[in-house]
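Notebook open, coffee poured. I want to go through this one from the overall layout down to the odd backbone spots.

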Amino acid sequence: MKTFVPDYYNDFKCLAGDCKHSCCIGWEIDIDADTLEYYNSVEGDFGKRLKNNISHNEDTAFFAMDSCGRCPFLNEKGLCDIMLNLGFDKVSQICDDHPRFRNFYSDRTEIGLGMSCEAVAVQILSKQDKMQLVCIDGDEELLWPEEEDFLDFRADVFDILQNRHMSVQDRIEKMLDYCNIESINLTAQKQAQLFLSLERLDPVRDKLLAELSQATEKDLYMQDSKLETAFEQLAVYFVFRHLTESLDDDRLAGRLQFVVWALGVVYNLCALHYNRTGRLTIDDMAEICRMFSAEIEYSPDNMNTLFDTLE
Ligand code: SF4
């Protein structure tokens, strides 16, 4: 069994108290069984505080958000009181894992970093050299033939998306050609309508999407982007993150169309920002990607709706 990660993986550093959109805000925090057992064994005042904040539904224990939508253990300095009181290794599995995601094969695991984390978004988008996958564990893998075929296919898609002799737009067209898929070419209005029809986490996005749905051609025009490399990294990230599961659900076309739709939405939101403010920095683009990722990539319902609608 081999484990692969993108070559930027080991450089990730959580911003902790400096994070503007902490992953401890806006979500309920599931507590895995081992951690729950441990929390139930903690004594004293902190043990009481833990138990008072554990909620249960059917078969899951979780920390419900407080009235401000924050994890009840996120303190005013933006740090985790569980880590401070009990140790860094005493948080629930989901806290320990975030912002990582995993792609599983029969004899291979790929681990990536998700863009709902602002540190990750900046890290990926500011990377200048082409993303490569590196093996961090294992020396042998025995994959099914369809998995081998998929990895060859995906390597070709990466090569197309990382061909810097072409514009990113041309690379995307070429990727679709290579995959024998016709572009659905949604207008900005239709992109926004589809986004607005999905489950939402943060109503802030509605204002942005309302602007997108009324944008004129001029609003969406961006001269050759200085952020071309950032869009390449974004395209590669979406492909890396979302294509593998097509081996299980057979929705390769829907997943590729999702990549194209997602790039189109992010590009148009970036263009709007550029035309409204006269600038577009990596940090601006990272904030748009963070919002997009939190709203879309972390909602299985939204992802399934998009794969089905776009296929
Ligand atoms: S979102 Fe990222 S940087 Fe912010 S607290 Fe979570 S892991 Fe750290």
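Before I put a distance on the domains: their bounds come from an automatic or database domain assignment. I also note that this is a predicted model.

**Layout.** I looked up how the protein chain is divided, and found domain 1 at 24-97 and domain 2 at 140-310. I then checked the separation of their C-alpha centres, which comes to 34 Å.

**Ligand.** Which residues surround the ligand? I went round the shell and wrote down Phe12, Cys14, Leu15, Cys19, His21, Ser22 and Cys23, then Cys117 and Ala119. Sorted by class, the shell has 7 nonpolar residues and 2 polar ones. I looked for charged residues there too and came up with none.

**Asp107.** Next I went to Asp107, which sits in the loop that links β5 (100-104) to β6 (108-113). Is Asp107 buried or exposed? It is buried, and I could find no salt bridge for it. A salt bridge would need a side-chain nitrogen of Lys or Arg within 4 Å of a carboxyl oxygen, and the nearest side chain of opposite charge, Lys2, is 9.0 Å away from Asp107. So what does the side chain of Asp107 reach? I found the backbone nitrogen of Leu142 at 2.6 Å from the Asp107 side chain. I also noted the backbone nitrogen of Met1, 3.3 Å from a polar atom of that same side chain of Asp107.

**Backbone oddities.** A reminder to myself: most residues other than glycine have a negative phi, and most peptide bonds are trans. With that in mind I went looking for exceptions.

The bond between His98 and Pro99 is a cis peptide, with omega about 10°. I placed Pro99 in the loop between α4 (93-97) and β5.

Ala16 has a positive phi, near 45°, and is not a glycine. I located Ala16 in the loop between β1 (2-6) and β2 (29-31). I checked its surroundings as well: Ala16 is partly exposed, at a relative accessible area of 34%.

Asn185 is another non-glycine residue with positive phi, here near 40°. Where does Asn185 lie? I found Asn185 in the loop from α7 (168-178) to α8 (188-196). Its relative accessible area is 65%, so I put Asn185 down as exposed.

**Last jotting.** The page I would reopen is the one on Asp107, buried and without a salt bridge, but with its side chain at the backbone nitrogen of Leu142.

Note on methods: Residues numbered from 1 in each chain as written. Predicted model: local features only at pLDDT ≥ 70, side-chain atom pairs only at ≥ 80, totals over all residues. Heavy atoms only, no water. Near = heavy atom within 4 Å. Nonpolar A, V, L, I, M, F, W, Y, C, P; charged D, E, K, R; others polar. Helix = DSSP H or I, 4+ residues; strand = E, 2+ residues; numbered from the N terminus. Buried < 20%, exposed > 50% of the residue type's maximum accessible area, 1.4 Å probe, protein only. Lys, Arg positive; Asp, Glu negative; His and termini not counted. Polar contact = N/O pair within 3.5 Å; in protein donor to acceptor, adjacent residues only side chain to side chain.
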